[in-house]
There are 4 protein chains.
Amino acid sequence: MVHLGANQYGKAEVRLAHVARGAGPDGEDLFRDWNVSTSLSGDLADSHLTGSNEKVLPTDSQKNRAYALAKELGDVEPEVFAAALGSFFVSSQEPITRARVSVEEYEWSPIGATGYSFTRSGGLVRTTVVHVDSAAGTSVVSGLKDLTVLNTTASEFWGYPKDAYTTLPETKDRILATSVNAAWRFRPDAVDAGVDWAAAFSQARSTVLLAFAGTYSYSLQQTLYAIGSAVITALPEVCEVRLALPNRHHYLVDLAPFGLSNKREVYQAGDRPYGLIEGTILADDAPEDGLAWS
Amino acid sequence: MVHLGANQYGKAEVRLAHVARGAGPDGEDLFRDWNVSTSLSGDLADSHLTGSNEKVLPTDSQKNRAYALAKELGDVEPEVFAAALGSFFVSSQEPITRARVSVEEYEWSPIGATGYSFTRSGGLVRTTVVHVDSAAGTSVVSGLKDLTVLNTTASEFWGYPKDAYTTLPETKDRILATSVNAAWRFRPDAVDAGVDWAAAFSQARSTVLLAFAGTYSYSLQQTLYAIGSAVITALPEVCEVRLALPNRHHYLVDLAPFGLSNKREVYQAGDRPYGLIEGTILADDAPEDGLAWS
Amino acid sequence: MVHLGANQYGKAEVRLAHVARGAGPDGEDLFRDWNVSTSLSGDLADSHLTGSNEKVLPTDSQKNRAYALAKELGDVEPEVFAAALGSFFVSSQEPITRARVSVEEYEWSPIGATGYSFTRSGGLVRTTVVHVDSAAGTSVVSGLKDLTVLNTTASEFWGYPKDAYTTLPETKDRILATSVNAAWRFRPDAVDAGVDWAAAFSQARSTVLLAFAGTYSYSLQQTLYAIGSAVITALPEVCEVRLALPNRHHYLVDLAPFGLSNKREVYQAGDRPYGLIEGTILADDAPEDGLAWS
Amino acid sequence: MVHLGANQYGKAEVRLAHVARGAGPDGEDLFRDWNVSTSLSGDLADSHLTGSNEKVLPTDSQKNRAYALAKELGDVEPEVFAAALGSFFVSSQEPITRARVSVEEYEWSPIGATGYSFTRSGGLVRTTVVHVDSAAGTSVVSGLKDLTVLNTTASEFWGYPKDAYTTLPETKDRILATSVNAAWRFRPDAVDAGVDWAAAFSQARSTVLLAFAGTYSYSLQQTLYAIGSAVITALPEVCEVRLALPNRHHYLVDLAPFGLSNKREVYQAGDRPYGLIEGTILADDAPEDGLAWS
């Protein structure tokens with residue numbers, strides 16, 4: 001009467017730090033700080049139905065492999081690590097036909113000139129999700145999250161439909177603030193040919209920042225499209241960008257009851273509710289996405 | 001060179017409380033505590049491309065409609081509310097062809113006999129996600145999250161493959177703990193015919209609890225399947241269940257260095273990493289899911 | 001030119017679970033779920049000033065002792081555990097003259113009749129902070145936090161001063177909601193004589209709930225005092241109660257723009273800002289608190 | 001039989017953003033992002049005991065005053081704002097004899113050259129707590145929290161006592177990581193004479209960073225003392241520093257079972273438990289702290 005559908009399992013949030021001692025250009029240490037999650041799928045019905053685990057590589061082994069691989073690969077970009085880790089599981093475990101590996105990377109900046117001192121920089125998190133599929137090959141979606149940005153002006157919102165529940169006044173000037181959650185899909189042929197992942201991330205991030213700042217905005221939707229298309233334009237190896245932008249409302253405080261004007265000076269930063277704008281921007285020649293977003 | 005793909009927008013996390021004064025069986029107040037999010041999609045390209053907002057009903061209006069609807073409907077189940085709210089947007093805004101409305105409901109229990117005093121009960125959150133599509137109709141996926149459960153025994157894990165990275169010892173007895181995140185899809189014809197949503201939720205929750213407790217487990221995968229199939233069996237109006245079960249590891253502490261035995265008594269509750277087991281269980285005659293899970 | 005002042009160190013957030021197998025009245029398992037933190041102080045200047053660690057019992061050893069003690073004591077109340085753990089450090093480490101041990105206990109309820117199945121019940125956390133001082137003896141402060149309660153009525157707020165910045169309308173009816181954070185100090189002679197800690201907690205919790213529900217409130221301050229004095233009255237072994245009550249505002253939504261009345265039905269639950277009411281209630285014969293609250 | 005002890009009340013977490021339009025040196029906007037909490041105390045027994053609110057300035061009015069004051073003061077340092085806000089309550093509300101105002105400031109950096117675009121920089125939060133007391137005057141404690149730092153080496157830990165529960169191996173090399181929570185008390189006469197708050201914060205922050213990086217550490221206690229004494233030395237207007245340093249353990253992963261060495265390369269970053277080192281460093285001539293830390 002019932003049957004098993006799609007399923008996957010793995011180890012989530014393996015916290016992995018790597019030090020490449022003296023490997024920097026001036027002999028300084030290089031430091032990586034990652035949160036790694038693996039998820040495997042394939043011929044796993046027995047485990048669900050009969051309690052036989054003969055095809056279930058323990059999640060603990062997945063974690064161990066992640067640590068061992070970090071040793072073997074040394075200081076590499078998270079995309080390289082994720083692809084290698086995923087390939088390992090698919091190639092070494094016969095029942096496993098697909099691996100999903102995600103890595104969050106937290107950034108650190110040097111303190112002074114010791115060569116071994118660092119401080120966490122920014123709330124921004126760099127992300128990558130790599131799928132390795134025995135049939136479909138490898139897909140790479142990288143991105144960032146929690147990049148909080150704000151324009152104190154250059155944002156309008158008007159001309160919208162007014163229904164019986166519309167009380168929002170139109171505005172020709174407002175604060176526009178959001179926390180950018182962005183993910184960009186690399187073209188499969190670029191992945192095959194090899195991508196400079198560090199450069200791609202760096203360029204994508206600065207493109208996001210400058211597109212946000214540089215867009216005179218009539219809606220957050222418009223800003224979203226500007227960011228997404230700028231990233232695709234700037235990175236030829238990218239064919240698709242997905243964005244989720246919470247609209248972090250800043251409300252102009254009414255100071256009139258206190259005999260004060262408020263000439264776009266004092267705002268209440270709101271928590272909830274918030275607008276949430278989500279959209280996809282694609283290169284016209286983007287290939288099919290396959291499993292990349294699953 | 002680039003174009004807009006799938007997109008949606010709305011108001012997230014509208015915190016809405018409703019009091020039905022004296023509406024209980026003994027004249028007591030009924031209290032609902034909700035977190036409502038709306039997301040609309042349709043013919044919204046202009047907003048992204050030209051900055052014209054003439055088809056963009058403000059998210060603020062969506063919020064207002066939610067509050068007004070709560071007044072109109074009174075004390076109703078979240079599924080009823082979500083379907084009505086979604087229908088409103090799709091039917092009243094010509095460019096909008098689809099609405100996704102999600103509601104989280106937080107439970108409260110009476111304190112004493114005042115009839116107006118309540119306390120938040122449990123960490124469990126009741127959820128529903130309703131899609132209203134002008135072409136495909138209405139889908140309802142309800143569920144729960146953060147239902148934390150634990151068996152102190154009746155859990156084994158052995159017989160798994162040992163690769164070069166496997167150090168985990170096999171066990172015939174372990175603590176099994178998880179936080180259940182479950183969602184169940186209702187059959188479209190049941191939705192059309194009308195469901196007793198409160199009874200369905202109550203039965204699903206107790207079924208989850210009893211299936212977890214009642215399953216002698218050889219893996220969390222097996223427990224997952226047992227829970228999912230029990231829910232489908234118990235609720236004929238449900239055709240599919242999706243579960244995400246973090247394996248909240250409890251590690252037996254090695255007390256031997258201190259001259260003490262540890263006969264399955266003292267455990268360290270781990271944070272990260274954790275296993276994550278995800279799976280779908282379907283009725284054999286489950287209809288297509290369409291948009292239900294998007 | 002500078003010198004070291006007060007200092008302490010220890011292990012924070014040791015997650016400790018204990019199973020007393022078959023120890024319940026019907027042969028069921030008893031389960032405890034704790035978060036234990038230790039903090040030691042005494043003659044620790046060397047460690048700060050010279051880098052000598054000869055008086056610094058590692059925090060790792062403190063953690064180990066907590067796990068070993070849980071084995072030795074079995075299923076005990078958190079106050080008993082905390083006092084024994086603190087005494088151990090003060091009596092066994094010569095430089096240590098004071099220990100502060102805090103325990104958070106998370107509650108679990110049985111599922112069904114397996115005797116080994118449990119579910120986390122409620123968001124409430126039971127707390128205790130025990131100080132063991134080689135000179136001043138032992139103090140015990142227990143409490144609870146995150147006990148969320150709400151009255152849909154029986155709350156007024158009016159008669160307050162109106163200054164130039166007061167716009168709040170007076171009200172004869174509002175929702176009153178808070179998350180109770182309460183801590184009660186036990187009389188030293190009661191601690192010495194022995195307290196039924198489980199009964200005390202149970203009674204304090206129900207007293208808090210019933211005092212909140214049973215107080216017709218003109219301010220949250222008044223409710224705070226009612227709760228505190230009820231606890232002292234109900235528990236003769238308690239001499240002081242400290243409460244911190246966030247005022248979780250529920251705002252009546254203005255539905256008039258939509259042609260709807262809102263007869264105390266639909267509210268917006270606010271996040272920030274919130275009122276915060278803090279106060280202490282003492283028995284008239286309360287002894288000095290000494291270190292109890294530090 | 002019972003009586004009211006110490007008490008205070010106020011508005012917590014007023015989220016306040018301020019834009020000083022074109023006020024920067026190059027005509028750019030200046031942006032401040034604050035979380036303000038007020039807490040008042042004085043002759044407030046009636047409110048607790050009789051339900052009379054005639055001395056209880058609403059927390060809503062306190063919030064309003066904060067917003068209005070931001071308008072009046074314009075772009076000022078948080079210490080200036082907090083002192084002015086506290087003084088207002090104490091001087092204008094006769095029953096109020098003391099005000100505690102705390103401000104968290106979140107930092108933003110410019111994006112590009114628009115003059116109006118910003119991005120949140122870092123996880124660091126700047127803090128200040130100002131007490132204004134009608135008798136004792138004004139005290140200022142400023143600080144920072146969530147400044148995460150790490151040395152990949154230059155940290156040892158050995159020579160500690162070994163009791164029956166000590167299993168930790170000594171080490172001559174480990175990663176040392178912490179999230180600095182620091183607060184520094186300004187000398188009352190410096191407060192009276194006027195402090196360059198921005199410069200003081202900037203110098204304190206860089207001193208913390210450089211002291212952490214520059215200390216070859218035999219314990220986190222030693223690092224704590226080095227940081228605190230460096231801040232007092234660098235800032236003559238500061239007389240006391242309090243630090244709470246969680247020891248964010250990084251565990252060297254044992255790769256031997258996989259036939260791999262681990263030459264201080266691959267670490268597991270731990271969550272819980274963690275060490276917690278707390279200490280106070282005082283200038284030898286530090287005046288009494290009075291209410292400053294309450």
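This briefing covers the contact between chains A and D and a helix pair within chain D. The model is a predicted one. Chain A and chain D meet through 50 residues from each chain, and a strand of chain A also pairs with a strand of chain D in the antiparallel sense. Within chain D, helices H2(D) and H3(D) cross at roughly 125°.

**The side of chain A that touches chain D**
- At least two residues apiece are supplied by strand E2 (14-20), strand E3 (30-42), helix H2 (59-73), strand E5 (117-133), strand E6 (137-151), helix H5 (197-214) and strand E10 (266-269) of chain A.
- E5(A) provides the largest share of this side, with 7 residues.
- Sorted by class, this side of chain A holds 25 nonpolar, 17 polar and 8 charged residues.

**Strand pairing between the chains**
- E2(A) pairs with strand E10 of chain D, residues 266-269, in the antiparallel sense and over 3 bridges.
- Opposite Ala17(A) stands Tyr267(D), which lies in E10(D).

**Helix packing within chain D**
- The axes of helix H2 (residues 59-73) and helix H3 (residues 78-92) of chain D come within 10 Å and cross at roughly 125°, which means that H2(D) is oblique to H3(D).
- The crossing in which H2(D) passes H3(D) is right-handed.
- H2(D) contributes Arg65(D), Ala66(D), Leu69(D) and Leu73(D) to the contact, while H3(D) contributes Val80(D), Phe81(D), Ala84(D), Leu85(D) and Phe88(D).
- By class, the contact of H2(D) with H3(D) comprises 8 nonpolar, no polar and 1 charged residues.

Notes. Residues are numbered from 1 along each chain as its sequence is written. Chains are lettered from A and ligands numbered from 1 in the order in which they are written. This is a predicted model: local features need pLDDT of at least 70, side-chain atom pairs count only at pLDDT 80 or more; totals for chains, interfaces and linings use all residues. Two residues are in contact if their C-beta atoms, placed from the backbone, lie within 7 Å. Helices (H or I, at least four residues) and strands (E, at least two) are DSSP runs, numbered from the N terminus. Ala, Val, Leu, Ile, Met, Phe, Trp, Tyr, Cys and Pro count as nonpolar, Asp, Glu, Lys and Arg as charged, and the others, Gly among them, as polar. Two strands pair if DSSP finds at least two bridges between them. Axes are lines fitted to C-alpha atoms, for helices over the stretch in contact, and angles run from 0 to 180 degrees between N-to-C directions. Angles under 35 degrees count as roughly parallel, over 145 as roughly antiparallel, 65 to 115 as roughly perpendicular and the rest as oblique. A crossing is left-handed if the near helix is turned anticlockwise from the far one by less than a right angle, and right-handed if clockwise.
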